[in-house]
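Subject: Structure handover and findings

Dear colleague,

Here is the structure I said I would pass on. Please look it over alongside the notes underneath.

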Amino acid sequence: MALSPETRDKLRRVSTATLATALYKRGLRGQMIQGVLPLHRPAESMVGEAFTVRYIPAREDLNGLEVFRDPTHPQRKAIEECPPGAVMVFDSRKDARAASAGGILVGRLKARGAAGVVTDGGFRDSAEIATLGIPAFHQRPSAPTNLTLNQAIGINEPIACGDAPVFPGDVLVGDADGVIVLPAHLADELAAEATEMTAYEDFVTEKVAEGRSIRGLYPATDPKSLEEFAAWRKAKGR
């Protein structure tokens with residue numbers, strides 16, 4: 001099921017931290033992609049369905065520069081098939097010694113309308129990618145061509161990325177804290193719940209800034225806190 005515009009918009013306005021708590025309540029504790037951070041701080045959360053590429057360790061006799069002459073090479077083919085609004089996710093086995101992609105390919109993803117790009121390895125041309133205006137998350141910069149260590153072998157199949165399972169169509173959300181993976185069938189309810197949680201967290205943040213104790217406020221164990229929140233929400237139009 002495609003991600004609705006309403007759910008996409010809600011997810012852009014919530015944090016990965018809030019979503020992680022909502023997932024934890026459902027028993028899902030391993031959905032945060034480990035070891036990746038944005039190349040530049042996003043103005044709003046990256047949101048999009050996963051379109052995956054799987055790398056295996058390169059076998060040198062099959063991974064020379066000439067492989068890029070083949071238009072069906074999995075890495076190049078994936079760049080041209082990643083749907084608008086999707087997030088390209090590379091399984092690079094958490095190995096940043098060689099790039100997962102570089103500035104030209106990420107620029108092509110942007111031109112085709114991708115919502116972002118994520119790898120548990122590294123990107124080359126990282127300073128260039130940081131200026132492209134497409135959300136991009138990686139472990140660290142890496143200059144060597146991906147062929148040095150990575151052999152693209154699969155497109156749009158289940159992968160691991162930073163120890164998190166990613167199935168095609170799962171919804172990725174990324175912010176300054178990193179990237180979290182939402183199972184596709186839970187995206188709508190997680191977006192709704194996280195929106196409600198965010199409203200209360202904003203209320204709490206305001207009260208704490210005013211000098212309020214967190215006792216009875218966070219979590220809301222004092223009924224008066226909920227009464228105050230209801231009045232705050234009405235006044236704020238939240």
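The notes below go from the chain as a whole to its strands, then to single residues and salt bridges.

Overall picture

Please keep in mind that this is a predicted model. The protein chain holds 7 helices and 14 strands. Its C-alpha trace spans about 70 × 35 × 30 Å along the principal axes. Of the 238 residues in the protein chain, 48% are buried. The accessible surface of the chain comes to about 11600 Å², and carbon and sulfur atoms supply 55% of that area. Among contacts with a separation of 6 or more, 76% are between residues 24 or more positions apart.

Strand β3 and its partners

Strand β3 covers residues 46-57, and 9 of its 12 residues are buried, so the strand is largely enclosed by the rest of the structure. β3 pairs with strand β13 (residues 171-175) in the antiparallel sense, over 4 bridges. Within that pairing, G48 has L172 of β13 as its bridge partner. β3 also pairs with strand β4 (residues 86-91), here in the parallel sense and over 6 bridges. E49 is bridged to A86 in β4.

Helix α1 can be placed relative to this region through R12. R12 belongs to helix α1 (residues 5-12), and R12 is partly exposed at 29% relative accessible area. Leaving aside neighbours within four places in sequence, R12 is in contact with E44, S45 and V47. V47 falls within the residue range of β3. R12 and P183 are 171 residues apart in sequence, and their C-alpha atoms are 16 Å apart in space.

The open sheet and H138

An open sheet of 3 strands runs in the order β5-β7-β9, with parallel pairing. Its edge strands are β5 (99-101) and β9 (140-141), each of which pairs on one side only. Strand β7 (residues 122-123) is joined to β9 by 2 bridges, the two running parallel. F123 has P141 in β9 as its bridge partner.

H138 has polar links to residues of β7 and β9, although H138 itself sits in strand β8 (residues 136-138). H138 counts as buried because its relative accessible area is 7%, where the cut-off is under 20%. The H138 side chain reaches the backbone nitrogen of F123 at 3.1 Å. A polar atom of the H138 side chain also lies 3.2 Å from the backbone oxygen of R140. Apart from residues up to four places away in sequence, H138 touches G35, V36, L37, L39, T119, G121, G122, F123 and S126. G122 and F123 in that list are the residues of β7.

Salt bridges

How many salt bridges does a search of the whole structure find? The search finds 18. Three pairs and one network are described here.

- R13 and D9 meet through their side chains at 3.4 Å, N to O. R13 is exposed at 61% relative accessible area, whereas D9 is partly exposed at 32%.
- R59 and D61 form a salt bridge at 2.7 Å, N to O. R59 is partly exposed at 46%, and D61 is exposed at 54%.
- K207 and E210 form a salt bridge whose closest N and O atoms are 3.6 Å apart. K207 counts as buried at 15% relative accessibility, whereas E210 is exposed at 54%.
- K25, R26, E189 and E193 are linked in a network of salt bridges.

Of the residues in these bridges, K207 is worth a look on screen: is K207 buried or exposed? With a relative accessibility of 15%, K207 is buried because the value is under 20%.

A nonpolar surface patch

V208, I214 and Y218 form a nonpolar patch on the surface, and together they have about 280 Å² of accessible area. Y218 lies in the loop between α6 (187-209) and α7 (223-236). Y218 is partly exposed, with a relative accessible area of 47%.

Regards

Technical notes
Residues are numbered from 1 along each chain as its sequence is written. This is a predicted model: local features need pLDDT of at least 70, side-chain atom pairs count only at pLDDT 80 or more; totals for chains, interfaces and linings use all residues. Side-chain values use heavy atoms; hydrogens and water are left out. Two strands pair if DSSP finds at least two bridges between them. Buried means under 20% relative accessible area, exposed over 50%, partly exposed in between (1.4 Å probe, protein chains only). A polar contact is a pair of N or O atoms within 3.5 Å; within protein, one must be able to donate a hydrogen and the other to accept it, and residues adjacent in sequence count only if both atoms are side-chain atoms. Contact means heavy atoms within 4.5 Å. Patches are made of residues with over 30% relative accessible area and no salt bridge: like charges are joined within 9 Å, nonpolar side chains (Val, Leu, Ile, Met, Phe, Trp, Tyr) within 5 Å. Accessible areas come from the Shrake-Rupley method with a 1.4 Å probe; for residues, only the protein chains shown count as cover. A salt bridge is a side-chain nitrogen of Lys or Arg within 4 Å of a carboxyl oxygen of Asp or Glu.
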